[in-house]
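Take a moment with the sequence and the model below. Then follow the text from the whole chain down to a few aromatic rings.

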Amino acid sequence: MASVPSSVPTTLGLLTSVNNLATTLNGSITDSAATITVNSTASFPNSGDFTVGSEVITYTGKNATQFTGCSRGADGTAAASHNSAAAASQFQNARYH
């Protein structure tokens, strides 16, 4: 017979932080750039999204130093110009385990 826990953990107890990835822009970008050059895309998935400042950017492909097929201002954020060396991050804040 399986044992039943005496209490249920809170939602926060079921979450664990994963996949926090970061790089920096290698050159400034305009608010309409569809290819974004960074120092490295290593460890980033082949497609997905990342943030620069408060802007969310989706991408459909990548090579060693560029995100390609970028759509700017995703998830209701505003497309913006960004300076070289700005942080580009991908956060999948938590996953149930």
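The tour starts with the chain as a whole and ends among its rings. Keep in mind that this is a predicted model.

Begin with the fold. The protein chain has eight strands and zero helices. Read from the N terminus, its elements run β-β-β-β-β-β-β-β. Contacts reach along the sequence: among those between residues at least 6 apart, 58% join residues at least 24 apart.

Now look at the surface. The accessible surface of the protein chain is about 5,900 Å². Carbon and sulfur atoms account for 52% of that area. Of the 97 residues in the protein chain, 27% are buried.

Next, go inside. The largest nonpolar core holds 14 residues. Leu25, Ile36, Phe50 and Phe67 touch the most other members of this core. Two elements give two or more residues to the core: strand 3 (48-52) and strand 4 (55-59).

Those two strands deserve a closer look. Strand 3 and strand 4 run antiparallel, and five bridges join them. Within this pairing, Phe50 stands opposite Ile57 in strand 4. The hairpin of strand 3 and strand 4 has two residues between the strands. In that hairpin, Gly53 takes a positive phi near 60°.

Phe50 also leads to the aromatic rings. How are such pairs described? A pair of aromatic rings is described by the distance of the centres and the angle of the planes. Ring centres must lie within 6.5 Å to pair. By this rule there are four aromatic pairs. Take Phe50 and Tyr59. Their ring centres are 5.8 Å apart and their planes meet at 50°, so this pair is tilted. The reason lies in the cut-offs: planes under 30 degrees apart count as stacked, over 60 as edge-to-face, and the rest as tilted.

Are these two residues buried or exposed? Buried means under 20% relative accessible area. Phe50 has 0%, so Phe50 is buried. Tyr59 has 3%, so Tyr59 is buried too.

Tyr59 also pairs with Phe67. This pair is tilted, with 4.5 Å from centre to centre and 55° between the planes. Both Tyr59 and Phe67 are buried. Step back, and the rings join up: Phe44, Phe50, Tyr59 and Phe67 form one aromatic cluster.

Finish at Phe67. Which residues is Phe67 in contact with, leaving aside its neighbours within four places in sequence? They include the cluster members Phe44, Phe50 and Tyr59. Also among them are Ala34, Thr35, Ile36, Val38 and Thr41. Gly61 and Lys62 are in contact with Phe67 as well.

Technical notes: Residues numbered from 1 in each chain as written. Predicted model: local features only at pLDDT ≥ 70, side-chain atom pairs only at ≥ 80, totals over all residues. Heavy atoms only, no water. Phe/Tyr/Trp six-rings, centres within 6.5 Å; stacked < 30°, edge-to-face > 60°. Buried < 20%, exposed > 50% of the residue type's maximum accessible area, 1.4 Å probe, protein only. Helix = DSSP H or I, 4+ residues; strand = E, 2+ residues; numbered from the N terminus. Contact = heavy atoms within 4.5 Å. Areas by Shrake-Rupley, 256 points an atom, 1.4 Å probe, with all protein chains shown as cover. Core = buried A, V, L, I, M, F, W, Y, C linked by side-chain atoms within 4.5 Å. Pairing = 2+ DSSP bridges.
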